[in-house]
Amino acid sequence: MDNFYLSAIVDEIKHEVEGRSVAGIALSGSTLLFDFRLNSRLRLLVSLDRAAPALYLSSRDQHRSGKRAPSNFYSVLREQLEGAKVVSIAKRPFDRVVEIEFENTTAKDRTLRASLVLSLTGRSANAYLLDDQKTLLASLFEKPKFDPAPLPEASAPSINDEIEPSISSRELLDTFFGAGSLFGPQLKNEFLARCNSAAPAQAFRSLTDDLLRANPPSLIYSRFPLDQIVQQVITPKVDLLLSHIELVQATGLFRNEFPSLSDAADVYYPLREQAIELHGEYEILTHELSRAINKRAAAIKAMDSDRIRFGNADDLKRKGDLILANLANARLSEGKATVVDYYDPEQREIEIEIPEGFTLEEAATDYFTRYRKARRALEAIALRERDVLSEIEPLREISQELERDPSAQLIEDVYRRSRRLLGKPAGAARDKSPKKQKQASGRVGRWFRSSDGYEIAVGRNDRDNDALTFKIARPQDLWLHAADYPGSHVIIRNPKRQEAVPHRTIAEAAGVAALYSQARSEGKAAIHYTQKKFVSKPPRAKPGLVRLSSFKSILVEPGCDLERID
């Protein structure tokens with residue numbers, strides 16, 4: 001959620017929550033929910049997910065049933081804030097930080113104040129609970145440095161006054177759109193789009209005027225209608241845009257307007273999460289197809305080389321025949337036999353190499369042995385080539401088909417067809433609604449079965465990673481993760497705790513760990529693995545962050561040829 005949208009949404013929800021008392025608090029992963037018993041049955045949702053921090057009023061059912069997570073922060077939060085009244089909610093003008101002031105009256109009529117500082121700043125997202133002296137009581141994630149400075153007086157930055165009419169777009173970009181600026185990537189793209197039809201100073205002025213306008217529209221721009229967006233593979237950064245201004249860059253996209261900024265956000269963020277997940281499935285499937293095609297293309301190239309190497313089979317037989325036919329008159333000299341070529345109409349003499357220490361009869365036998373070996377090799381190459389060609393062309397066809405129309409239904413279809421082509425078990429269908437599947441099965445993440453029959457679990461996101469590692473995995477299970485790259489936690493279930501997991505299963509799980517990480521495009525990737533008992537979580541660390549006390553590493557090629565069982 002960008003800086004300006006956050007400012008607008010805080011202004012919008014002020015009148016809804018100020019003066020209200022906290023009836024309940026829920027914490028699920030990195031998402032906080034505050035129940036103020038609003039007439040509209042909305043709850044204040046605060047997502048501290050580092051990939052998509054956000055704050056808005058939500059009415060979605062899945063949020064209402066969020067599990068309460070046992071943690072020190074949650075316990076202190078409930079103790080301090082349940083029953084407390086919201087005195088004020090405000091956002092720092094130049095940062096994505098929101099502060100909510102609470103007031104509570106004790107049984108002895110003593111008034112206590114506390115504040116919750118919500119830092120919605122991407123990778124450093126966090127929640128801090130402070131007492132009335134601005135002393136830190138607890139934080140959601142561990143944070144060594146914290147600045148409890150009070151909010152400055154709210155005032156819109158006078159950025160238009162600094163603009164010279166002759167300023168260039170490059171100067172504006174360097175001045176206002178650099179790292180740590182008020183303007184995020186989406187607004188940078190919007191400025192550049194407006195520069196196509198106006199001078200840079202005018203484009204920038206129109207952008208800031210729109211951003212600071214009162215009563216902004218509540219918009220989602222989408223490549224497809226919203227009810228179809230999770231059925232098509234999109235790039236959310238350009239194909240699904242949340243905005244409180246009219247976007248020039250969204251020309252050609254569907255424009256969806258909502259009654260409020262919270263309503264728009266409540267639709268946008270779940271759609272974004274599903275779109276990112278579908279895009280990830282598409283990338284993984286296209287990678288698997290590309291890998292399978294490249295592997296077979298390399299095999300065909302290697303077979304061509306082998307065909308050249310064994311292509312002189314008839315010549316080997318001919319030399320063996322000529323040696324036997326010239327046993328009586330062949331002349332040996334320096335490892336060569338001079339014989340009459342009876343296959344030549346003119347019957348000229350030729351030289352044939354004789355292995356050192358071989359008699360003529362032994363040399364003939366050697367040539368015949370090599371001839372038979374070459375013939376068998378050429379026959380095997382022909383059969384193998386036929387099989388590979390029967391796979392590679394259909395694989396190329398379905399890969400091109402998927403590229404032309406990357407939809408959820410086609411991903412499912414291509415996945416099954418590719419498994420049949422490769423002679424692999426198709427496993428369970430890839431549900432087009434991952435959340436519903438997860439709820440129905442009670443399982444977290446993706447599940448596979450190794451060639452040795454071991455179950456392998458793969459996290460889909462940081463919350464899955466934490467659940468797999470610290471709730472599902474047992475001490476003797478194996479834990480894997482890509483070295484030096486963000487990625488999924490992978491667990492190998494080891495029900496027979498006294499038996500070592502086979503190396504083949506470890507290698508297969510390591511390939512899966514590499515595939516479901518940012519190392520998937522590497523030719524080879526290093527994977528750390530260890531028993532789950534050597535994996536721990538630093539105090540108040542963000543979801544997905546762990547510490548290893550002991551581990552080994554294995555170098556593997558990213559990929560997955562395993563049976564899907566979830």
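**Close-up views of salt bridges and aromatic contacts**

**View 1. The salt bridge between Lys-134 and Glu-101.** Glu-101 is buried, its relative accessible area being 17% (buried means under 20% relative accessible area, exposed over 50% and partly exposed in between, with a 1.4 Å probe and protein chains only). The model is predicted, so local features need pLDDT of at least 70 and side-chain atom pairs count only at pLDDT 80 or more, while totals for chains, interfaces and linings use all residues. Residues are numbered from 1 along each chain as its sequence is written, and side-chain values use heavy atoms, with hydrogens and water left out. Lys-134 has a relative accessibility of 27% and therefore counts as partly exposed. The closest N and O atoms of Lys-134 and Glu-101 are 3.0 Å apart, and this salt bridge links distant parts of the chain: Lys-134 lies in the loop between strand S8 (126-131) and strand S9 (136-139), whereas Glu-101 belongs to strand S6 (residues 97-105), 33 residues apart. A salt bridge is a side-chain nitrogen of Lys or Arg within 4 Å of a carboxyl oxygen of Asp or Glu; helices (H or I, at least four residues) and strands (E, at least two) are DSSP runs, numbered from the N terminus.

**View 2. The salt bridge between Glu-349 and Arg-331.** The side chains of these two residues meet at 3.0 Å, N to O. The contact links distant parts of the chain, with Glu-349 in strand S15 (residues 349-353) and Arg-331 in strand S13 (residues 331-333), 18 residues apart. Glu-349 is partly exposed at 46% relative accessibility, and Arg-331 is partly exposed at 45%.

**View 3. A salt bridge in helix H10.** Arg-396 pairs with Glu-393, their closest N and O atoms being 3.1 Å apart. Because the two residues are three positions apart in helix H10 (residues 360-404), about one helical turn separates them. Arg-396 is partly exposed, with a relative accessible area of 31%, as is Glu-393, at 37%.

**View 4. The aromatic pair Tyr-56 and Tyr-269.** The ring centres are 5.7 Å apart and the planes lie at 5°, so the pair is stacked. The pair links distant parts of the chain: Tyr-56 is in strand S4 (residues 54-58) and Tyr-269 in helix H8 (residues 261-309), 213 residues apart. Both tyrosines are buried. Rings of Phe, Tyr and Trp (its six-membered ring) pair if their centres lie within 6.5 Å; planes under 30 degrees apart count as stacked, over 60 as edge-to-face and the rest as tilted.
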